[in-house]
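Subject: Structure handover

Hello,

Here is the structure for you to load. My notes on it follow below.

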Amino acid sequence: MERTFTWALVTGAGGGIGRAISQKLDADGCRLILVGRRLSTLEATASGLHNQPILIEADLTDPMQCEAVFEQVKTLPVDLLVNNAGFGLCGDFTETDEQREFSMLDLNVRAVQFFTKRFIRQFVEKGYGTVLNVASSAAFLPGTGMAVYYATKAYILRLSEGISGELRAKKHNVTISVLCPGPVDTDFSDTAHVRFAVRGILPEKAAEAAVSGASHGKLVIIPGFSMKAIHFLERFLPEKALVWFTGKFQQRNERTKGGKQQ
């Protein structure tokens, strides 16, 4: 049965997939709470919406700010949580900046787990709700050249799958979905210090697949035929072959200098 969403909280809503998901939900009549690190980008997202959203400026790498966001919204009738905020970092593990990696872990893993647990508890208590976690096709592969980033996305995928099993076992009317796109045309590459060798899909396409999949209770959502094919094939390859494959693929990516955190 298809679900309709009335109130959604979207993290990382200032651009990319987060903005596209916000636009899709708004077009469907859903009220929005947009969370992001910079108010200016949230306002840019809000300017293209039909309904005025609630904007919350917060750096979700900070556990105290995560707590503050939840305290601000916990009494609102949220029935969809979208954990989209995250960033990547390209480079050999021995060379990448450790503090930046710890920030990545705080945002990609800790913040996702924090909001997922808080809202799943609320959804179970009131008897309905959906969590949509944004991972990546990286979750299916070893992360040669982006080891920590790939590991964070694998964590999100396995966490979501495990929670889904628990919810089904107890027959809760609560679902969890995880979006696993390949490259998407966003500013992610600037943040990760990388340019992808393959062409990314539009964020609007990823958003459409994400919202549709979540509304139908689909657990793993993979937009695009090529990523579905890679996911199918990787199940038949030994681990050493996967490590070699991702390493060769990563070498084709043109690394850039600079970059910014989203």
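Start with lysine 171, which is found in the loop between α5 and β6. Helices here are DSSP runs of H or I with at least four residues, strands are E runs of at least two, and both are numbered from the N terminus. Lysine 171 is exposed, with a relative accessible area of 75%. The cut-offs are under 20% relative accessible area for buried, over 50% for exposed and partly exposed in between (1.4 Å probe, protein chains only). The phi of lysine 171 is near 55°, a positive value in a residue other than glycine. Most residues other than glycine have a negative phi.

Some ground rules. This is a predicted model, in which local features need pLDDT of at least 70 and side-chain atom pairs count only at pLDDT 80 or more, while totals for chains, interfaces and linings use all residues. Residues are numbered from 1 along each chain as its sequence is written, and side-chain values use heavy atoms, with hydrogens and water left out.

Overall picture

The protein has nine helices and nine strands. Of its 262 residues, 50% are buried. The protein exposes about 12700 Å², and carbon and sulfur atoms supply 54% of that area. Areas come from the Shrake-Rupley method with a 1.4 Å probe; for residues, only the protein chains shown count as cover. Contacts, meaning heavy atoms within 4.5 Å, are often long-range in sequence terms: among those with a separation of 6 or more, 69% link residues 24 or more positions apart.

The sheet

Seven strands form an open sheet, with parallel pairing, in the order β3-β2-β1-β4-β5-β6-β8. Its edge strands are β3 and β8 (220-221), each pairing on one side only. Two strands pair if DSSP finds at least two bridges between them.

Take the β3 side. Strand β2 (residues 31-36) and strand β3 (residues 54-57) run parallel and are joined by four bridges. Leucine 34 has leucine 55 as its bridge partner in β3. On its other pairing, β2 meets β1 in the parallel sense over five bridges. There, threonine 11 has valine 35 in β2 as its bridge partner. Helix α2 (residues 39-47) completes a right-handed β-α-β unit with β2 and β3. Right-handed means that, with the strands pointing away from the viewer, the path from the first strand over the helix to the second runs clockwise. α2 lies across β2 and β3, at about 160° to β3. Axes are lines fitted to C-alpha atoms, for helices over the stretch in contact, and angles run from 0 to 180 degrees between N-to-C directions.

Now β5. All six of its six residues are buried. Gly129, Val131 and Asn133 lie on one side, and Thr130, Leu132 and Val134 on the other. In a regular strand the side chains alternate between the two faces of the sheet. β5 pairs with β4 in the parallel sense over four bridges, and six bridges join β5 to β6, also parallel. Leucine 132 appears in both pairings: valine 82 stands opposite it, and serine 177 is its bridge partner in β6. Two right-handed β-α-β units involve this strand: β4, α4 and β5, then β5, α5 and β6. α5 lies across β5 (129-134), β6 and β8, running at about 160° to β6.

The loop after β4

Where is glycine 86 found? It sits in the loop between β4 (80-83) and α4. Glycine 86 is buried, with a relative accessible area of 7%. Its C-alpha atom is 9.1 Å from that of leucine 105, 19 residues apart along the chain.

The cores

A nonpolar core is a set of buried Ala, Val, Leu, Ile, Met, Phe, Trp, Tyr and Cys residues joined through side-chain atoms within 4.5 Å. The largest has 45 residues, of which Leu9, Leu60, Val69, Phe115 and Phe119 touch the most other members. β1 (7-11), β2, α3 (63-73), α4 (98-126), α5 (147-169) and β6 (174-179) each supply at least two residues of this core. α4 gives the largest share, nine residues. Apart from this core lies another, of 26 residues, including Ile21, Val134, Ala206 and Ile221.

Leucine 60 is worth a look in the viewer. Neighbours within four places in sequence aside, leucine 60 is in contact with Thr11, Val35, Cys66, Val69, Ala85, Asp106, Leu107, Ala111 and Phe115.

Best wishes
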